[in-house]
Amino acid sequence: MKAILLKLLALFMLFSINSAFANEHNAVAMEKASTHKEENYQSKPFSEMIEGFLESTGIVALVNPDPDELNAKGEKMSDFHKGLGRVIMIFVTFLLFWLAIAKGFEPLLLLPIAFGGLLANIPVAGIAGEHGFLGVIYNMGLSNEMFPIIIFMGVGAMTDFGPLLSNPKTALLGGAAQFGIFGTLVGAVALSQAGFVDFTLQQASAISIIGGADGPTSIFIATKLAPELLGAIAVASYSYMAMVPIIQPPIMKALTTEEERKIKMTTLRHVSRLEKLVFPILVLLLAILVLPESTPLIGAFMFGNFLKESGVVERLNDTLQNALINIVTIFLGLGVGSKLAADQFLVPDTMFIMVLGIVAFSVGTAAGVLMAKLMNLFPGHKINPLIGSAGVSAVPMAARVSNKVGMEYDRSNMLLMHAMGPNVAGVIGSAVAAGVLISLFQ
Amino acid sequence: METNLILEGFKFMVLGMGTVFMFLIVLIFMMNMMSKIVHKYFPEPQVDINPPVANKQDNKKVIAAITAAIAHHRQS
């Protein structure tokens with residue numbers, strides 16, 4: 001009780017200091033504005049005007065940066081991050097454009113992120129700063145974890161739990177794949193233990209959630225636990241998700257025998273409408289009882305799904321699946337892109353995040369496949385281990401990969417619907433894992 | 001202090017994977033139970049049986065019409 005009171009007091013003090021500071025700031029701004037008005041416009045010789053204009057160009061700002069320039073957080077930046085670093089980042093965003101357009105890597109998110117990154121690295125304009133429009137977007141919906149939640153509603157409205165309901169035990173595969181998260185967490189702390197990087201436990205957790213292969217969840221956790229790493233985590237998460245068809249098949253093939261890959265699964269039974277309608281409520285109830293920390297994500301997800309399955313609010317369902325998720329995707333992408341500013345992205349941490357991210361994906365894939373093999377040791381219907389890899393969320397890409405690899409060995413073996421079970425279970429699994437991580441840091 | 005961090009990581013892993021699996025296992029039980037209850041007490045109306053009956057009747061009518069038409073054709 002005492003501790004709570006103390007915390008409240010501290011919070012109150014913090015706010016009062018903040019507001020005092022803001023008042024001072026406003027006063028200064030007002031003063032500035034008034035002097036500005038009195039000055040009005042003064043006529044200058046043309047040569048001076050040209051000189052002044054030339055000094056305000058981007059070239060000058062890049063080559064000879066303003067020593068007092070502050071970054072989005074109001075801290076001083078090194079000369080590298082103001083000059084060459086920005087040029088490098090602009091080329092990095094070009095690389096992302098190429099990946100999105102020519103290679104088709106998750107263009108829906110990668111393009112807004114990359115363009116946001118391009119805008120965030122413009123000198124002088126300060127678009128990603130407190131009052132720039134990217135900064136405003138970031139503060140509007142990312143720093144308070146609003147956008148990922150809305151995206152989750154849309155994803156819920158697009159998800160069909162039918163395959164999972166008709167073969168419930170495949171949910172275990174979606175659980176096993178979450179090993180990618182926690183395995184990488186250990187890897188990340190081991191790296192910082194060995195002295196390569198300096199990740200705190202919070203940062204390590206935020207990085208490891210990339211293994212959940214779930215964009216909104218990664219962003220949700222990153223903004224909560226390590227906002228300074230958001231840019232790198234989101235870019236790693238989405239680019240690896242797009243690379244699922246490249247990353248997963250070698251791992252799946254290495255861990256299975258040819259006979260296992262040819263296993264045919266029994267046809268899925270029909271799932272009644274009532275079952276689908278009760279399911280979201282069931283999951284939410286369980287989340288409320290076991291892990292309330294995960295209910296923002298699961299609640300939003302199940303809300304979207306419930307609207308869809310209810311069948312009586314087609315208009316809302318349609319908006320969630322299309323208009324709303326599209327609008328929010330634009331904002332989410334641009335907001336994340338604002339974190340691609342050179343001073344936040346061009347740091348050694350980013351490289352480690354990229355490496356740890358791909359490790360997380362691979363470990364998750366392997367764990368899912370191995371879990372399927374383990375389940376085949378028990379009596380019951382056999383499971384094709386290829387669907388285990390779909391446990392790493394990444395809906396529906398991972399399920400398509402399972403289907404494709406399965407067809408390579410037996411043209412008539414359709415695994416897509418079977419793989420959707422672990423796939424959607426993976427989304428629930430990573431939301432639960434996210435809830436555990438959040439609850440551990442409370 | 002130094003060794004603490006990795007140990008913490010392992011603690012997170014055990015707790016995290018434990019929770020995820022427990023959640024999903026309970027969910028599997030609940031799903032199975034829910035399906036049984038739904039199938040037992042709220043079976044879906046069997047839509048598949050009715051249409052064929054209607055079809056049979058329709059077929060009879062059609063057959064009758066065709067027969068009549070053929071008969072009519074032969075007569076004329």
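## Meeting chain B

Chain B has 2 helices and 0 strands. Keep in mind as you look around that this is a predicted model. Of the 76 residues in chain B, 21% are buried. The accessible surface of this chain comes to about 6000 Å², and carbon and sulfur atoms account for 69% of that area.

## Inside: the largest nonpolar core

Now for the interior. The largest nonpolar core holds 140 residues, and those touching the most other members are A:Phe161, A:Phe279, A:Ile353, A:Ile428 and B:Phe23. Helix H23 of chain A, residues 416–440, gives the most to this core, with 13 residues.

B:Phe23 is a good residue to find in the view. Which residues does B:Phe23 touch, not counting those up to four places away in sequence? They are A:Val283, A:Leu286, A:Ala287, A:Val290, A:Ile298, A:Ile428 and A:Val432.

## Outside: a nonpolar patch

Turning to the surface, you can find a nonpolar patch formed by A:Ile281, A:Leu285, A:Ile288, A:Leu289, A:Val290, A:Phe306, B:Met22 and B:Val26. Together these residues have about 670 Å² of accessible area. Two elements give two or more residues to the patch: helix H17 (273–290) of chain A and helix H1 (4–41) of chain B. H17 of chain A gives the most, with 5 residues.

One residue to pick out here is A:Leu289, which lies in helix H17 of chain A. Is A:Leu289 buried or exposed? A:Leu289 counts as exposed because its relative accessible area is 72%, and the cut-off for exposed is over 50%.

Methods: Residues are numbered from 1 along each chain as its sequence is written. Chains are lettered from A and ligands numbered from 1 in the order in which they are written. This is a predicted model: local features need pLDDT of at least 70, side-chain atom pairs count only at pLDDT 80 or more; totals for chains, interfaces and linings use all residues. Side-chain values use heavy atoms; hydrogens and water are left out. A nonpolar core is a set of buried Ala, Val, Leu, Ile, Met, Phe, Trp, Tyr and Cys residues joined through side-chain atoms within 4.5 Å. Buried means under 20% relative accessible area, exposed over 50%, partly exposed in between (1.4 Å probe, protein chains only). Helices (H or I, at least four residues) and strands (E, at least two) are DSSP runs, numbered from the N terminus. Contact means heavy atoms within 4.5 Å. Patches are made of residues with over 30% relative accessible area and no salt bridge: like charges are joined within 9 Å, nonpolar side chains (Val, Leu, Ile, Met, Phe, Trp, Tyr) within 5 Å. Accessible areas come from the Shrake-Rupley method with a 1.4 Å probe; for residues, only the protein chains shown count as cover. A salt bridge is a side-chain nitrogen of Lys or Arg within 4 Å of a carboxyl oxygen of Asp or Glu.
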